[in-house]
Amino acid sequence: MSTRRVQALCLAGFSLLAGHAAAVEPAGAVLQPPAAVTTFDDGRAPIQQIFASYRPLLEQGWSLDVVYESQPAGTDVALPIIALRSPLQGPAIWLFTGIHGEEPAGPNAVASLVDDLAALGRERPVVLLPLCNPHGYARNWRYLNIPVYSETIEGSSVGDSSHLLPQPDQSDTARAAVASSPEAEALGRYVIEMSATYPPEVSIDLHEDNLIEKGYVYSQGERGAEDPLALAARQVLEQTGIPLEMNGRTRFDEEIVNGVIGPVTDSSIDELMSSRWIIVDGKVQAGPGARTVLVFETPAKNTTLNQRIEAHKALIRSQLAVTD
Ligand SMILES: [Zn+2]
């Protein structure tokens with residue numbers, strides 16, 4: 001049994017005690033990153049404040065899982081990649097933010113909507129992975145190994161799922177023999193294991209892009225660009241005044257139709273969430289298979305952080321309302 005599996009069992013202990021005050025303290029301790037960890041200052045909330053914002057969920061019986069203690073090269077302390085699960089189990093909404101550390105709008109929006117998420121969690125199952133790359137958030141690094149996107153150095157993304165996804169032309173072989181980082185391996189395993197009790201119906205992943213002036217929505221699920229939740233999200237972005245690229249191609253040469261991009265093969269955790277079949281330890285097995293998988297890309301170029309946080313808050317609120 002690997003260290004990560006042991007952590008997975010420890011988190012089960014929290015869930016057994018969930019709802020009891022005794023459980024809040026050990027789990028609550030996870031929500032206190034060392035004060036010495038400083039956060040890149042562009043107006044984003046300090047990482048200590050972000051973690052503390054999740055406490056009300058513990059007080060309302062949510063379970064806290066430590067997916068992995070992340071300490072990339074060049075950092076001094078480990079910071080936990082956490083997941084929070086609602087007391088209700090069953091077909092669930094999954095929400096990811098902070099996969100890319102230089103995209104602070106999503107994590108800041110979630111931190112200010114914890115009460116809304118708690119209310120949603122009383123109605124239906126929710127799995128929240130609110131800060132998937134904690135050191136990336138603190139130091140404004142997109143990846144674990146390099147700060148920004150590079151055409152020459154491969155960025156190691158915590159969301160890389162290439163080791164779990166089949167090759168497009170060879171359905172029984174994974175695209176990569178091993179995970180690109182322990183963080184990516186732990187996140188992938190967590191998604192697969194937790195999909196048994198919280199099978200994803202809807203998966204939402206909040207991103208930004210500081211190289212674009214107009215945003216768009218990826219719709220990775222089976223309805224692709226026709227998914228009504230994708231179209232609703234596009235409307236919300238329009239209403240919040242975020243400029244949208246309605247038609248054309250992304251900087252990765254993907255086709256945009258009415259502000260939405262249909263399923264793409266990008267080896268992301270979003271592709272994993274939508275996959276019906278995956279490869280685990282060399283064997284084909286059923287994947288999470290979420291019907292709706294949305295990835296929001298708001299433009300960070302020429303848009304203030306506050307505007308982007310407000311747009312992400314509106315997106316989260318609208319998706320909670322639409323899917324309720
Ligand atoms: Zn991103």
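**Figure 1. Close-up of Lys 214 in the predicted model, in the loop between β7 (200–209) and β8 (216–219)**. Lys 214 counts as buried because 20 C-beta neighbours lie inside 10 Å, the cut-off for that class being 20 or more. Apart from residues up to four places away in sequence, Lys 214 touches Pro 243, Leu 244, Glu 245 and Pro 299. Pro 168 is 46 residues from Lys 214 in sequence, and the C-alpha atoms of these two residues are 30 Å apart in space.

**Figure 2. Close-up of Arg 234 in helix α9 (residues 228–239)**. Arg 234 is a buried residue, since 22 other C-beta atoms lie within 10 Å. When neighbours within four places in sequence are left aside, the contacts of Arg 234 are Val 217, Leu 244, Gly 259 and Val 260. Leu 244 is also touched by Lys 214, the residue of the preceding view. Ser 318 lies 84 residues from Arg 234 along the chain, with a C-alpha separation of 11 Å between the two.

**Figure 3. Close-up of the largest nonpolar core, which has 83 residues**. The residues with the most contacts inside this core are Val 67, Val 127, Leu 187, Ala 233 and Leu 294. Helix α8 (residues 182–194) gives the most to the core, contributing 6 residues. In soluble globular proteins, nonpolar side chains tend to be buried together. Around Leu 294, and leaving aside its neighbours within four places in sequence, the contacts are Ile 204, Val 217, Tyr 218, Ser 219, Leu 229, Ala 230 and Ala 233. Val 217 is likewise in contact with Arg 234.

**Figure 4. Close-up of helix α6 (residues 114–123) and its buried residues**. Which residues of α6 are buried? They are Leu 117, Leu 120 and Gly 121. Viewed down the axis of α6, these buried residues fall within an arc of 100 degrees, and therefore line one face of the helix. An α-helix has 3.6 residues a turn, so residues three or four places apart point the same way. On the face of α6 turned away from the buried side are the exposed residues Asp 115, Arg 122 and Glu 123.

**Figure 5. Close-up of the hairpin formed by β5 and β6**. Strand β5 comprises residues 166–167 and strand β6 residues 170–174. The two strands pair in the antiparallel sense over 2 bridges, and 2 residues lie between them. Within this pairing, Pro 166 stands opposite Ala 174 in β6.

**Figure 6. Close-up of the hairpin formed by β12 and β13, with Asp 281 in the turn**. Strand β12 (residues 277–280) is paired with strand β13 (residues 283–286) in the antiparallel sense, over 4 bridges. Ile 279 stands opposite Val 284 in β13. The loop between β12 and β13 holds Asp 281, and the hairpin has 2 residues between its strands. Phi of Asp 281 is near 50 degrees, a positive value in a residue other than glycine. Asp 281 counts as exposed because it has 8 C-beta neighbours inside 10 Å, where the cut-off for exposure is 12 or fewer.

**Figure 7. Close-up of Asn 140 in the loop between α7 (134–139) and β5**. Asn 140 is a residue other than glycine with a positive phi, near 60 degrees. Is Asn 140 exposed, buried or partly exposed? With 17 C-beta neighbours inside 10 Å, Asn 140 counts as partly exposed.

**Figure 8. Close-up of residues 1–23, shown with the protein as a whole**. The mean pLDDT of the protein is 91, and 91% of its residues reach 70 or more. Over residues 1–23 the pLDDT is below 50; this stretch has 25 contacts in the model beyond near neighbours in sequence. Where pLDDT is low, the predicted coordinates should not be read in detail. The secondary structure of the protein amounts to 11 helices and 14 strands. The radius of gyration is 18 Å, close to the 20 Å that the globule rule gives for 324 residues, so the protein is as compact as a globular protein of that length. Along the principal axes, the C-alpha atoms fill a box of roughly 55 × 45 × 40 Å. Of the 324 residues, 49% are buried. Among contacts with a separation of 6 or more, 73% join residues 24 or more positions apart.

How values were computed: Residues numbered from 1 in each chain as written. Predicted model: local features only at pLDDT ≥ 70, side-chain atom pairs only at ≥ 80, totals over all residues. Core = buried A, V, L, I, M, F, W, Y, C linked by C-beta atoms within 7 Å. Contact = placed C-beta atoms within 7 Å. Rg over C-alpha atoms; globule rule 2.2 N^0.38 Å. Arc of directions from axis to C-beta. Pairing = 2+ DSSP bridges. pLDDT = per-residue confidence, 0-100.
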